[in-house]
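Subject: Structure handover

Hello,

I am passing a structure on to you. Please open it first, then read my notes below.

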Amino acid sequence: MSKYAVINPATGEMLRSYPTATDADVAAAIDGAFTAYRGWSRSTTVEERAELIAKVADLHRQRRQHLAEIIVREMGKPIGDALGEVDFSADIYQYYADNGPELLKDEPIALAEGSEGSAFIRKSAMGVLLGIMPWNFPYYQVARFAGPNIILGNTILLKHAAQCPESAMAIHEIFAEAGFPVGAYTNIYATTDQVGTIIADPRVQGVSLTGSERAGAAVAEQAGRHLKKVVLELGGSDPFILLSTDDLDATVEMAANARLDNSGQSCNGAKRFIVVEDLYDAFLEKFVAAMSGTQASDPMVEGGAYGPLSSSSAAEGLEDQVKRAVAGGATVLTGGTREGNFFTSTVLADVKPGNDAYYEEFFGPVAQVFKVRNEDEAVELANDTPFGLGSYLFTTDQAQAARVADKIDAGMVYVNCVLADSPELPFGGIKRSGSGRELGTLGIDEFVNKKMIRIA
């Protein structure tokens, strides 16, 4: 049986399987991508490619209900969230369609005094790229990788998660129907060994992976061996720091939303809630009530707060993490139980250094709460993690906000807001959360040849 299959996590039902690519399929895909790069990419303008990406955005909007229902079946995303993801993906493509030509304009260089002539930086494509995408945001992750790179002129080989074959094919079909030639964007149901073959091919110039630390380390090792550019967006254990607030109820609501977004399966979801002692008891009471009052539901029904975890292995893994956390001294304040692939919203306290839970990422509706005495302790605890993706800071003191934001070891800091991602805002992290950036002006600058041209 192919490993590419749609298994509805809400019911456990196998809906459809897809054949894994043959080695001949992979070879043909690389050939096609390289041919498209050598021909189509080099013979079209940025503006022409941007016009096609705008059509990709339009097709996402036209098919939003159909696309959303696919990922509800594939990974259990609540239908409202799924519709929002399709819309956000369309916005990303539209952002690069609208701004790509300006972002890729030649950049003049001021020459040293006395030098004659001119010089400038011209941004151009590198060639064929491999994208390895995860299951938790099947459309959004692809959009932020493929959108800017195809406008740049790179061609894309896309290896999606094994549980997302239907959405992977839907994206492939959208690019074809938007008018892109064969090879500009190609979906491949590749195996792990075939991924290694693709990375090793000299025609492939770079690889972008969003996924686990383990997958990131393996791909980075392969890319390094073959001297390929790599961008990695890996895990996160993002802190939510509360130092002061003039509306605790609103802050608690945002805290719960930040933990339960995408059923707790967001890399940059808030996971560790760090609260100063004078607010801790009141926050904890309200937060536990908010979490315990929010339950998983059928993801196809409108209005559900969150759905099942993405698979049986994900649910089993989260259950094991919670059990190990408790064995290590943590206290379960609410939740902590699993029924099938559904997991109750959970709050853990008393998680100390030395407990596995202190260092791990919990990919599901599980929050950890910590009490600190002051700002310095909050920052120290926030940074005491192997990860460094996002972070959330709540304070009514503007000077404190600027000061603490500077001290947090993370790629992103959101002050007094959550779920505020937007196409123009760069996304990425440091430490074991990966390297490189996607989205915004930085996202189009990763897989690019910044060619210096000097004219005497």
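Two strands count as paired if DSSP finds at least two bridges between them. Strands β9 and β21 (residues 434–435) are joined by two bridges and run antiparallel. Leu232 stands opposite Ser435 in β21. Please keep in mind that this is a predicted model.

**Around β9**

Strand β9 covers residues 229–233 and also pairs with β8, residues 204–210. That pairing is parallel and runs over five bridges. Val207 has Val230 in β9 as its bridge partner. Between the two strands the chain passes through helix α8, residues 213–225. The resulting β-α-β crossover is right-handed.

**The seven-stranded sheet**

An open sheet is built from seven strands. Their order is β12-β15-β16-β11-β10-β18-β19, with mixed pairing. Which strands stand at the edges? They are β12 (331–334) and β19 (414–415). Each has a single partner strand, so one side of each lacks a neighbour in the sheet. Further in, β10 (residues 238–242) and β11 (residues 270–276) pair in the parallel sense, over five bridges. Here Ile241 has Ile274 in β11 as its bridge partner. As background, strands of a sheet pair through backbone hydrogen bonds, either parallel or antiparallel.

**Helix α5**

This helix spans residues 140–152. It has 13 residues and reaches 19 Å from its first C-alpha to its last. That is close to the 18 Å expected at 1.5 Å a residue. Even so, α5 has a kink of about 25 degrees at Ala146. The kink lies shortly before the proline Pro148. Is α5 enclosed or open? In α5, 13 of the 13 residues are buried, so the helix is largely enclosed by the rest of the structure. Gly153 follows α5, and its phi is positive, near 115 degrees.

**Salt bridges**

Side chains of opposite charge can pair when their charged atoms come close. With a cut-off of 4 Å between a side-chain nitrogen of Lys or Arg and a carboxyl oxygen of Asp or Glu, the count is 29 salt bridges. Three of them are worth a look.

Start with Arg144 and Glu233, whose closest N and O atoms are 2.8 Å apart. Arg144 lies in α5 and Glu233 in β9, so this pair ties together parts that are 89 residues apart in sequence. Buried here means under 20% relative accessible area. Arg144 is at 1% and Glu233 is at 4%, so Arg144 counts as buried and so does Glu233.

Next come Asp201 and Arg203, with closest N and O atoms 2.9 Å apart. Asp201 is buried at 13% relative accessibility. Arg203 is partly exposed at 26%.

Then there is Lys407 with Asp376, at 3.8 Å between the closest N and O atoms. Lys407 sits in helix α14 (residues 398–407) and Asp376 in helix α13 (residues 375–383), so the pair links parts that are 31 residues apart in sequence. Lys407 is partly exposed at 34% relative accessibility. Asp376 is exposed at 51%.

Shared partners also produce a network of salt bridges: Glu107, Lys123, Asp445 and Lys450 are joined into one.

For a quick tour, begin at β9. It pairs with β8, is joined to β21, and carries Glu233, the salt-bridge partner of Arg144.

Best wishes

Key: Residues are numbered from 1 along each chain as its sequence is written. This is a predicted model: local features need pLDDT of at least 70, side-chain atom pairs count only at pLDDT 80 or more; totals for chains, interfaces and linings use all residues. Side-chain values use heavy atoms; hydrogens and water are left out. Helices (H or I, at least four residues) and strands (E, at least two) are DSSP runs, numbered from the N terminus. A crossover is right-handed if, with the strands pointing away from the viewer, the path from the first strand over the helix to the second runs clockwise. Buried means under 20% relative accessible area, exposed over 50%, partly exposed in between (1.4 Å probe, protein chains only). The expected span of a helix is 1.5 Å times one less than its number of residues. The bend at a residue is the angle between axes fitted to the seven residues ending there and the seven starting there.
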